[in-house]
Structure formats: structure tokens, C-alpha cells
Amino acid sequence: MPFFTQKKVHEVQSFVLKFVNSHSEVAESIELGQRRESRARLCVVALLIPYDAKMIPVHEKLPVITKEFSSTGMSVILSEPRGYDRVVVGLKYQGEMRFLLARAVHLTPMGGGFFQLGLEFLQILHPGDHPELREVVF
């Protein structure tokens, strides 16, 4: 491999390493202060549905991509800011839909028109108690 090609590859590797390190969980915990609980980065499809205690408007469901999880919450990536207070989070687990009620704790711009929505889990919602959730699938 010619020297100039090796130099270009090294430059790419160096940049990618710096980029990944600047976005790593260790760097984020130092920057943000210690978190109560560590997060696991996990990118899966989920659904968000605005929460209404009387009737959950399942027709307003929004597919999103998750960013990270802890046992007490999660974050998702949105392509536009949404003024959620509480949402139903729909996740597919072992072939079945599971639903969690969550409270929005922050909406942070990420750049490029994307936003990170931080959610705190409040409780599990059962389709038996909320029949409208039975029709929610993806």
C-alpha cells in the first residue's frame, strides 16, 4: 500500500476513534456529572402514544428509534420537537407488544433537526385495563 494511502487510512481511523470517544458513555457521564444509574445503548424501534387517562389515542402513535435504556427510563430520537408530558411507550418483546407509561423529563436538541426525548418510566400498562392498546402493533 502506498504511503499516502496509509496516511489517509490512518487519518480516517484517528477521526473515527476521536468521534466515537467523544460520544461514549464514559465521556457523557463525565460531562453531565454522575448519573444515578448507568445506561445501555440500545437502538430498537418503539412507539410513542400521547397519554390520556380516559382514552389512549392510539391513532396518534409515532414510531421512534431508541437511543439508550436504564431500568428507570429511556431516551428516544425524534425528528421534530414534541410537547409530550406523558406517553405510552410500546415495545415489542418476545413477539408481543408491551406498554409502559412514561413521563417526559427533557427534550434536548441534537442538531440537524433531531431531538432527544428523555423519559422516566412510571408503570406498566396492561391491554386488559386499556382495551385500545390491543390494536397497537408493529
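Arginine 82 and glutamate 80 join their side chains in a salt bridge, with 3.0 Å from N to O. The model is predicted. Arginine 82 is partly exposed, at 28% relative accessibility. Glutamate 80 is also partly exposed, with a value of 39%.

**Salt bridges**

The count of salt bridges comes to 3. They are set out here with the accessibility of each partner.

| Salt bridge | N to O distance | Relative accessibility of the acid | Relative accessibility of the arginine |
|---|---|---|---|
| Glutamate 80 and arginine 82 | 3.0 Å | Glutamate 80: 39% | Arginine 82: 28% |
| Glutamate 96 and arginine 98 | 3.8 Å | Glutamate 96: 47% | Arginine 98: 40% |
| Glutamate 120 and arginine 103 | 2.5 Å | Glutamate 120: 26% | Arginine 103: 32% |

Glutamate 120 and arginine 103 meet at 2.5 Å, N to O. This pair links distant parts of the chain, 17 residues apart. Glutamate 120 sits in strand 7, and arginine 103 in strand 6, which covers residues 96-111. Glutamate 120 counts as partly exposed because its relative accessible area of 26% falls between the 20% and 50% limits. Arginine 103 is partly exposed as well, at 32%.

The side chains of glutamate 96 and arginine 98 meet at 3.8 Å, N to O. Glutamate 96 is partly exposed, with 47% relative accessibility. Arginine 98 is partly exposed too, with 40%.

**Overall layout**

The protein has 2 helices and 7 strands. Read from the N terminus, the order is α-α-β-β-β-β-β-β-β. The chain holds 138 residues, and 32% of them count as buried. Among contacts with a separation of 6 or more, 53% are between residues 24 or more positions apart. The accessible surface is about 9300 Å². Carbon and sulfur atoms account for 58% of that surface.

**Nonpolar cores**

The largest nonpolar core has 19 residues. Within this core, the residues with the most contacts are Leu48, Leu78, Val89, Leu117 and Leu119. Six strands are named as giving two or more residues to this core: strand 2 (45-50), strand 3, strand 4 (73-78), strand 5 (86-93), strand 6 and strand 7. Strand 7 gives the largest share, 4 residues.

Which residues does valine 89 touch, leaving out those up to four places away in sequence? Its partners are Leu47, Leu48, Met74, Arg98, Phe99, Leu100, Ala102 and Leu119. A second, separate core has 11 residues, including Ile49, Val58, Phe99 and Leu125. Phe99 is thus named both in the second core and among the contacts of valine 89.

**A buried lysine**

Lysine 67 belongs to strand 3, residues 62-69. Is this lysine buried or exposed? Lysine 67 is buried, because its relative accessible area of 18% is under the 20% limit. Its side chain makes a polar contact of 3.0 Å with the side chain of glutamine 116.

**The helix surface**

Val12, Phe15, Val16, Phe19 and Val20 make a nonpolar surface patch. The patch covers about 480 Å². Valine 12 lies in helix 1, residues 3-22. Valine 12 is exposed, because its relative accessible area of 52% is over the 50% limit.

**The loop between strands 5 and 6**

Glutamine 94 is in the loop between strand 5 and strand 6. Its phi is near 50°, a positive value in a residue other than glycine. Glutamine 94 is exposed, at 66% relative accessibility.

**The segment after strand 7**

Where is phenylalanine 138 found? Phenylalanine 138 is in the segment after strand 7, which spans 114-125. Phenylalanine 138 counts as partly exposed, with 35% relative accessibility. Setting aside neighbours within four places in sequence, phenylalanine 138 is in contact with Val45, Ala46, Leu47, Gly90, Lys92 and Met97. Phenylalanine 138 and leucine 91 are 47 residues apart in sequence. In space, their C-alpha atoms are 9.1 Å apart. Leu47 is named among the contacts of phenylalanine 138 and also among those of valine 89.

Definitions and conventions
Residues numbered from 1 in each chain as written. Predicted model: local features only at pLDDT ≥ 70, side-chain atom pairs only at ≥ 80, totals over all residues. Heavy atoms only, no water. Buried < 20%, exposed > 50% of the residue type's maximum accessible area, 1.4 Å probe, protein only. Contact = heavy atoms within 4.5 Å. Areas by Shrake-Rupley, 256 points an atom, 1.4 Å probe, with all protein chains shown as cover. Polar contact = N/O pair within 3.5 Å; in protein donor to acceptor, adjacent residues only side chain to side chain. Patch = residues over 30% accessible without salt bridge, like charges linked within 9 Å, V, L, I, M, F, W, Y side chains within 5 Å. Salt bridge = Lys/Arg side-chain N within 4 Å of Asp/Glu carboxyl O. Core = buried A, V, L, I, M, F, W, Y, C linked by side-chain atoms within 4.5 Å.
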